[in-house]
Structures are given as structure tokens and as C-alpha cells.
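Thank you all for making the time this morning. I would like to walk through one structure with you, slowly, and I will put it on the screen before I say anything about it.

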Amino acid sequence: MTESTYSVIFRGDLEPGYTVADVKANFARLFKAGPDTVEKLFSGRPLAIKKGLSQAQAEQLQATLSRHGALSSLKPEGEPQQAAPAPSPAPQPQPPAAEKVDSESGLSLAPMEGYLLKDHERAKVDPVQVPVSHLSLKPAGGNLVEASEQPAPPSVQVQVPNWQLGSHISGKASFKLPD
């Protein structure tokens, strides 16, 4: 009987206190990989960093990734391989172990790994072309609305009671307020 093997799974999650740029730079040094290769690791989809490891090796790699700022998980790769597996009858379809079934409604939760829909099941959406040739930009500063586009302010009628102009010689005007 052989030992169980594990895969180290990375989804792009980070340890607290690390930035994406720091972790990407750490991965580039750790794996001696280019920016394009490292960018693929941060797609959000679970990716096996390394497969076929013993539990101790997998935990060691997980600790190394954690020191470099990456959150990872261990996943058993199934039953241990035997020299000659015995033939078994046709397997009965069973719900995955990670699935939780609600007995009242018959609804279940999908496992957390990967996308819920396969690529061929996704709706194809054609890009929309929006005409923007009629739009223009105004230089920075000033009003966005031209003076000719602004409504004229209404004229204000001011009434002052008992207003009298003085002579042109004195140059004084006076008015009296009612009591």
C-alpha cells in the first residue's frame, strides 16, 4: 500500500499584509517564471501548483507559498495507487462529497472549485458599438456651458419709496423710509 498523494492548489488569494504586485514578484523569483506565466496563476481559477506530493512535501510547499504571501490549499488526489487495481462493476453515479443537499427543496451547492458553467454553456454576447463621433471634449477650465447656451437672468424691478435726486451741483441723493 502506498502513501496518499496531494496537490497544492492556488486560486490567486493573498495572505493579509501582502499586495498582488509583491506576491507576483515573489512567484516570479520562486518559480523562475516570466510575467505572463505568473499572471496566469492569478486568474481566480483554482490551479494545481504541484501534483503528486506526499503530505509532508505538500505542507512544506504550502508553507513556502504562505511565506511569499500566497494562500493555498491541499487537495488529496484520490485513493492511493495500488500495483494492480481490481476491476469493479460499473460505478453508480453519486453526488460529489463536497455537495450539500437540502432535503426539503432538493437543491444542492456546487463545489467551490472552478466555474459553474463550462465555456460552451455560457451565453455568447456580441460587443456593442456605441457611436461617439458626435461627442467632443471641452478644454480644462472655464464653464462647460457656453454663454449663448445659458438662459438670460430675469430682470429685477427694484422699487424704493420716496426717492429723490438732489441737484446736479450737490451730487447727493436722498430717500425717506416710511415710519
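I will go from the chain as a whole to the sheet, then to the helices, and finally to a few single residues.

Please keep in mind throughout that this is a predicted model, and that every value I quote is computed from it. The protein chain has three helices and five strands, and if you read along the sequence, the elements come in the pattern β-α-α-β-α-β-β-β. Buried residues account for 12% of the 179 residues in the chain, and the accessible surface comes to about 15,600 Å², with 56% of that area belonging to carbon and sulfur atoms. If we take the contacts between residues at least 6 apart in sequence, 63% of them join residues at least 24 apart.

Let me turn to the sheet. It is an open sheet of three strands, in the order E2-E1-E3, and the pairing is antiparallel. Why do E2 and E3 each have one side without a neighbour in the sheet? Strand E2, residues 47–53, and strand E3 stand at the edges and have a single partner strand each, so one side of each is left open in that sense. From one strand to the next, the twist averages 25°.

As for the pairing itself, strand E1, which covers residues 6–14, is joined to E2 by four bridges, and within that pair Tyr6 stands opposite Leu53. On the other side, E1 and E3 are joined by six bridges, again running antiparallel, and here Phe10 has Ser72 of E3 as its bridge partner. As a general reminder, strands of a sheet pair through backbone hydrogen bonds, in either a parallel or an antiparallel way.

Now to the helices that meet this sheet. Helix H1, residues 20–31, packs on the sheet and touches E1, E2 and E3, with a direction that makes about 145° with that of E1. Helix H3, residues 55–67, also lies across E1, E2 and E3, and runs at about 165° to E3.

Two residues of the sheet deserve a closer look, and I begin with Val8, which is found in strand E1. Is Val8 buried or exposed? Val8 is buried, because its relative accessible area is 0%, where the cut-off for buried is under 20%. Leaving out residues up to four places away in sequence, Val8 touches a list of residues that includes Leu47, Ala48, Ile49, Leu53, Ala58, Leu61 and Leu65, as well as Ser72, Ser73 and Leu74. Val8 and Pro46 are 38 residues apart in sequence, while their C-alpha atoms are 9.8 Å apart in space.

The second residue is Ser72, which has its place in strand E3 and is also buried, with a relative accessible area of 16%. Setting aside its neighbours within four places in sequence, Ser72 is in contact with Val8, Ile9, Gln62 and Leu65.

Next come the charged side chains. How many salt bridges does a search of the whole structure find? The search finds one, and in it the side chains of Glu39 and Lys24 meet at 2.7 Å, N to O. Glu39 lies in helix H2, residues 35–41, and Lys24 lies in helix H1, so the pair ties together parts that are 15 residues apart in sequence. Glu39 counts as partly exposed, at 42% relative accessibility.

In the loop between H1 and H2 we find Lys32, which has a positive phi of about 50° although it is not a glycine. In general, most residues other than glycine have a negative phi. Lys32 is exposed, with a relative accessible area of 76%.

Finally, there is a nonpolar patch on the surface, of about 420 Å², made by Val128, Val130, Val132 and Leu135. Of these residues, I can place Val132 in the loop between strand E3, residues 70–76, and strand E4, residues 163–165.

That is where I would like to stop, and I am happy to take questions.

Technical notes. Residues numbered from 1 in each chain as written. Predicted model: local features only at pLDDT ≥ 70, side-chain atom pairs only at ≥ 80, totals over all residues. Heavy atoms only, no water. Patch = residues over 30% accessible without salt bridge, like charges linked within 9 Å, V, L, I, M, F, W, Y side chains within 5 Å. Areas by Shrake-Rupley, 256 points an atom, 1.4 Å probe, with all protein chains shown as cover. Salt bridge = Lys/Arg side-chain N within 4 Å of Asp/Glu carboxyl O. Pairing = 2+ DSSP bridges. Axes fitted to C-alpha atoms, helices over the stretch in contact; angles between N-to-C directions. Contact = heavy atoms within 4.5 Å. Buried < 20%, exposed > 50% of the residue type's maximum accessible area, 1.4 Å probe, protein only.
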